[in-house]
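Reader: I would like to learn how to read a few features of a protein model. Please take them one at a time, with the general idea before the case.

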Amino acid sequence: HSDSLESGHFQVSFGAMEEYFDQAQLSPEGAEILLEVSFGAIELYIPRHWNVFTDIHTSLAGVENDNRYNKADPDSPKLTIKGNVSLGGVEIHYV
């Protein structure tokens, strides 16, 4: 829960994690999420009206960002997802 999310840092190693942002509001300046995943997986559940940009580097890994379901509001703040994924995966779901 957040009234003004500005940043987040999520680290997964040899495991799995799910993060839900459906009850958070972005800071008016936007927010940045940093992911560090190795031998694991992380699933992000993001409100479909957020503007989402990804800059995720992979090594023997995958990133699934099915933005067909993203109905971004052009006036909403920007969420930038950055990070590194090695031998793992990231899934971005829009809710």
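Reader: Is F39 buried, partly exposed or exposed, and where is F39 found?

Author: Partly exposed is the class between 20% and 50% relative accessible area. This is a predicted model, and in it F39 has a relative accessible area of 44%, so F39 is partly exposed. F39 is found in the loop between β5 and β6; β5 covers residues 31–38 and β6 covers 41–46.

Reader: What sign does the phi of F39 have?

Author: Most residues other than glycine have a negative phi. F39 is not a glycine, yet its phi is positive, about 55 degrees. L60 also has a positive phi of about 55 degrees without being a glycine. L60 sits in the loop between β7 (51–59) and β8 (62–65). With 72% relative accessibility, L60 counts as exposed.

Reader: Which residues make the nonpolar surface patch?

Author: In soluble globular proteins, nonpolar side chains tend to be buried together. On the surface here, F14, F39, L60 and L87 make a nonpolar patch of about 480 Å².

Reader: And inside, which residues of the largest nonpolar core touch the most other members?

Author: The largest nonpolar core has 22 residues, and L35, I46, W50, L79 and I81 touch the most other members. The elements that give two or more residues to this core are β2 (7–13), β4 (24–26), β5, β6, β7, β9 and β10 (89–94). The largest share, four residues, comes from β5.

Reader: How should I read the strand order of the sheet that holds β5?

Author: Strands of a sheet pair through backbone hydrogen bonds, either parallel or antiparallel. The order β2-β5-β9-β7 describes an open sheet of four strands with parallel pairing. β2 and β7 are the edge strands, each pairing on one side only. Neighbouring strands of this sheet are turned by 10 degrees against each other on average, with direction ignored.

Reader: How many bridges join β2 and β5?

Author: Seven bridges, in the parallel sense. As a place to look, V12 stands opposite V37 in β5.

Reader: What is the strand order of the open sheet that holds β6?

Author: That open sheet has four strands in the order β3-β6-β10-β8, with parallel pairing. β3 (16–20) and β8 stand at its edges with a single partner strand each, so one side of each has no neighbour in the sheet. Here too the average turn between neighbouring strands is 10 degrees, direction ignored. β3 and β6 run parallel and are joined by five bridges. E19 stands opposite L44 in β6.

Reader: How many salt bridges does the structure hold, and which side chains meet there?

Author: Side chains of opposite charge can pair when their charged atoms come close. The structure holds one salt bridge. The side chains of K82 and E32 meet in it, at 3.5 Å from N to O. K82 lies in strand β9 (residues 78–86) and E32 in strand β5, so the pair ties together parts that are 50 residues apart in sequence.

Reader: What relative accessibility do K82 and E32 have?

Author: K82 has 31% relative accessibility and counts as partly exposed. E32, at 37%, counts as partly exposed as well.

Note on methods: Residues are numbered from 1 along each chain as its sequence is written. This is a predicted model: local features need pLDDT of at least 70, side-chain atom pairs count only at pLDDT 80 or more; totals for chains, interfaces and linings use all residues. Side-chain values use heavy atoms; hydrogens and water are left out. Buried means under 20% relative accessible area, exposed over 50%, partly exposed in between (1.4 Å probe, protein chains only). Patches are made of residues with over 30% relative accessible area and no salt bridge: like charges are joined within 9 Å, nonpolar side chains (Val, Leu, Ile, Met, Phe, Trp, Tyr) within 5 Å. Accessible areas come from the Shrake-Rupley method with a 1.4 Å probe; for residues, only the protein chains shown count as cover. A salt bridge is a side-chain nitrogen of Lys or Arg within 4 Å of a carboxyl oxygen of Asp or Glu. Two strands pair if DSSP finds at least two bridges between them. Axes are lines fitted to C-alpha atoms, for helices over the stretch in contact, and angles run from 0 to 180 degrees between N-to-C directions. A nonpolar core is a set of buried Ala, Val, Leu, Ile, Met, Phe, Trp, Tyr and Cys residues joined through side-chain atoms within 4.5 Å.
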